[in-house]
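Visitor: Could you take me in for a close look at one part of this fold? I would like to see how two helices meet, and what lies around them.

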Amino acid sequence: MNEDILARNGSIALRRLSNDDSDIQLLYQWLSDPKVTAHVYAEGVPWTYEKVCAAFGRKVLAADSVTACLILRNDQAVGYLQFYPVRRDSYLCSADLIKKLRGAYGVDMFIGVPSLWRKGLGSAALRALEDCLRSRGAGKLCADPAADNEPGLRFWPKAGFEPLEVIEDYDDPSKQAILMMKQL
Ligand SMILES: CC(C)(COP(=O)(O)OP(=O)(O)OC[C@H]1O[C@@H](n2cnc3c(N)ncnc32)[C@H](O)[C@@H]1OP(=O)(O)O)[C@@H](O)C(=O)NCCC(=O)NCCS
């Protein structure tokens, strides 16, 4: 088995992001679409190839304990997903709330091609991640969609996440986000 494949669910797989030009080019292409950055990674707009390297380089993310993956459908990359063990500085929230999240993993993701939205790919990728993390002993998973991210606010609860608290948005503290959690 390709050791860069971290999880599978039918035709969907999560493959560790590489520093290869092809992976970075894909992210650059997706983040150049205003329909995508209307919902995620707006803080980097306009994204350049160099900015994508600086934000998504494997070493950069690994230094923060973030595991970065591409979502593959039938071996074609269709989106991005990252997960990380929740630490004190993972969310802009109180120490009490972080205590409740002990042992949790955080997850962020997007499907990079808008014509592929609402076709079940995000749900399938999330199920693959949940199986993978459960087998690593994780008990909880968290997401923090921005309070104005309509797709995110609908997607996570449909996948079983429950809203915990309104917090400051990590990427833009002038905005709010909704911290949500799912017991695995
Ligand atoms: C949000 C996202 C990851 C969901 O993945 P997806 O493959 O499109 O979603 P799915 O087809 O698995 O949808 C599962 C459920 O989520 C909800 N949902 C997803 N996108 C939605 C949208 N745009 N509007 C309303 N509900 C939505 C629906 O309940 C849907 O079930 P249904 O289609 O049976 O009604 C993807 O649409 C995306 O990347 N969107 C843009 C970026 C973004 O907002 N990312 C999430 C950041 S928190």
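Guide: The crossing of α1 and α3 is right-handed: seen with one helix in front, the near helix is turned clockwise from the far one by less than a right angle, while anticlockwise would be left-handed. This is a predicted model, in which local features need pLDDT of at least 70, side-chain atom pairs count only at pLDDT 80 or more, and totals for chains, interfaces and linings use all residues. Residues are numbered from 1 along each chain as its sequence is written.

Helix α1 spans residues 21–31, and helix α3 spans residues 49–56. Helices (H or I, at least four residues) and strands (E, at least two) are DSSP runs, numbered from the N terminus. The two helices pack at about 115°, with axes 9 Å apart. That makes α1 roughly perpendicular to α3 (65 to 115 degrees; under 35 is roughly parallel, over 145 roughly antiparallel, the rest oblique). Axes are lines fitted to C-alpha atoms over the stretch in contact, and angles run from 0 to 180 degrees between N-to-C directions.

Now the residues. From α1 come Ile24, Leu27, Tyr28 and Leu31. They meet Tyr49, Val52, Cys53 and Phe56 of α3. Contact here means C-beta atoms, placed from the backbone, within 7 Å. By class, this contact has eight nonpolar, no polar and no charged residues (nonpolar: Ala, Val, Leu, Ile, Met, Phe, Trp, Tyr, Cys and Pro; charged: Asp, Glu, Lys and Arg; polar: the others, Gly among them).

Step back to the loop between α2 (34–37) and α3. Pro46 lies there. The peptide bond from Val45 to Pro46 is cis, with omega near 0°. Tyr41 is in this loop between α2 and α3 too. Its phi is near 55°, a positive value in a residue other than glycine. Tyr41 is buried, because 20 other C-beta atoms lie within 10 Å (20 or more is buried, 12 or fewer exposed, in between partly exposed, with C-beta atoms placed from the backbone).

Compare Asp75, in the loop between β3 (67–73) and β4 (76–85). Asp75 is not a glycine, yet has a positive phi of about 70°. Asp75 counts as exposed, because there are 9 C-beta neighbours inside 10 Å.

Methods: Contact = placed C-beta atoms within 7 Å.
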